[in-house]
Amino acid sequence: QVQLVESGGGLVQPGGSLRLSCAASGSIFKIDSMGWYRQVPGKQRELVATSSGGSTDYADSVEGRFTISRDNDKNTVYLEMNSLKLEDTAAYYCTAIVGTAPGIARYRYWGQGTRVTVSS
């Protein structure tokens, strides 16, 4: 019903920047929130940043370095990542809580992920 497609991942040196994008498409009535999680092998997927109702939240590890933003007209969320560290290396997953019709339960959807590698 709903698809999320991430882009913008790649290889970057420590201290560098990347901008991730995630576009939602499909049967979208309302998007309550959009955000980003990341996951490395052997660890639980963790919250990076979310945007909901005009409010944003960040993981402590990225606060001050990452910025989440949304273009509601395009159903797109962005993650501007600055001052990247080796520890930021992960698969980054876009997520959104989407209602597909009025009065219908909302569900969380996930993108397939985009790889970010921070290496010298």
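Which side chain meets that of R19 in a salt bridge? The points below return to this after a word on the model, which is predicted.

1. **The salt bridge of R19.** The partner is E80: the two side chains meet in a salt bridge at 3.9 Å, taken from N to O. The pair links distant parts of the chain, since R19 belongs to strand β3 and E80 to strand β8 (residues 76-81), 61 residues apart. R19 is partly exposed, with a relative accessible area of 44%. E80 also counts as partly exposed, at 26% relative accessibility. The student should note that the count of salt bridges in the model comes to six, and that the pair of R19 and E80 is one of them.

2. **The open sheet.** Strands β3 and β8 also appear in an open sheet of four strands, in the order β1-β3-β8-β7, with antiparallel pairing. At the edges stand β1 (2-7) and β7 (66-71); each has a single partner strand, so one side of each is left without a neighbour in the sheet. From one strand to the next, the twist averages 15°.

3. **The pairing of β1 with β3.** Strand β3 covers residues 18-26, and β1 pairs with β3 in the antiparallel sense over six bridges. Within this pairing, V5 stands opposite A23 of β3. A general remark is useful when such a strand is viewed in the structure: in a regular strand the side chains alternate between the two faces of the sheet.

4. **A buried acid, E6.** E6 lies in strand β1. Does a buried or an exposed setting apply to E6? E6 is buried, yet has no salt bridge. The nearest side chain of opposite charge is R45, at 7.6 Å. A salt bridge requires a side-chain nitrogen of Lys or Arg within 4 Å of a carboxyl oxygen of Asp or Glu, and therefore the pair of E6 and R45 does not qualify.

5. **What the side chain of E6 reaches instead.** Two backbone nitrogens deserve attention here. The side chain of E6 reaches the backbone nitrogen of C94 at 2.8 Å. The backbone nitrogen of Q112 lies 3.1 Å from a polar atom of the E6 side chain. Leaving aside neighbours within four places in sequence, the residues in contact with E6 include S21, C22, W36, Y92, Y93, G111 and T114. C94 and Q112 are also among these contacts of E6.

6. **Two hairpins.** Strand β4 (residues 30-39) pairs with strand β5 (residues 46-52) in the antiparallel sense over six bridges, and Y37 stands opposite L47 in β5. The hairpin of β4 and β5 has six residues between the strands, and G42 takes a positive phi near 85° there. Strand β5 pairs in turn with strand β6 (residues 55-58), in the antiparallel sense over four bridges. In that pairing A49 stands opposite Y58 of β6. The hairpin of β5 and β6 has two residues between the strands, and G53 takes a positive phi near 55° in this hairpin.

7. **The salt bridge of D32 and K30.** The side chains of D32 and K30 meet in a salt bridge at 2.9 Å, from N to O. The two partners differ in their surroundings: D32 is buried, with a relative accessible area of 18%, whereas K30 is partly exposed, with a relative accessible area of 40%.

8. **The salt bridge of D88 and R38.** The side chains of D88 and R38 meet in a salt bridge, again 2.9 Å from N to O. D88 lies in the loop between β8 and β9 (90-99) and R38 in strand β4, so the pair ties together parts that are 50 residues apart in sequence. Both D88 and R38 are buried. Salt bridges that share partners join R38, E46, R65 and D88 into one network.

9. **The surroundings of R38.** R38 counts as buried because its relative accessibility is 6%, and buried means under 20%. In addition to the salt bridge with D88, the side chain of R38 makes a polar contact with the side chain of S61 at 3.3 Å. A polar contact of 2.9 Å joins the side chains of R38 and Y92. Apart from neighbours within four places in sequence, R38 is in contact with residues including Q44, R45, V48, V62, F66, E87, A90 and A91.

Terms used:
Residues are numbered from 1 along each chain as its sequence is written. This is a predicted model: local features need pLDDT of at least 70, side-chain atom pairs count only at pLDDT 80 or more; totals for chains, interfaces and linings use all residues. Side-chain values use heavy atoms; hydrogens and water are left out. Two strands pair if DSSP finds at least two bridges between them. Axes are lines fitted to C-alpha atoms, for helices over the stretch in contact, and angles run from 0 to 180 degrees between N-to-C directions. Buried means under 20% relative accessible area, exposed over 50%, partly exposed in between (1.4 Å probe, protein chains only). Lys and Arg count as positive and Asp and Glu as negative; His and the chain ends are not counted. A polar contact is a pair of N or O atoms within 3.5 Å; within protein, one must be able to donate a hydrogen and the other to accept it, and residues adjacent in sequence count only if both atoms are side-chain atoms. Contact means heavy atoms within 4.5 Å.
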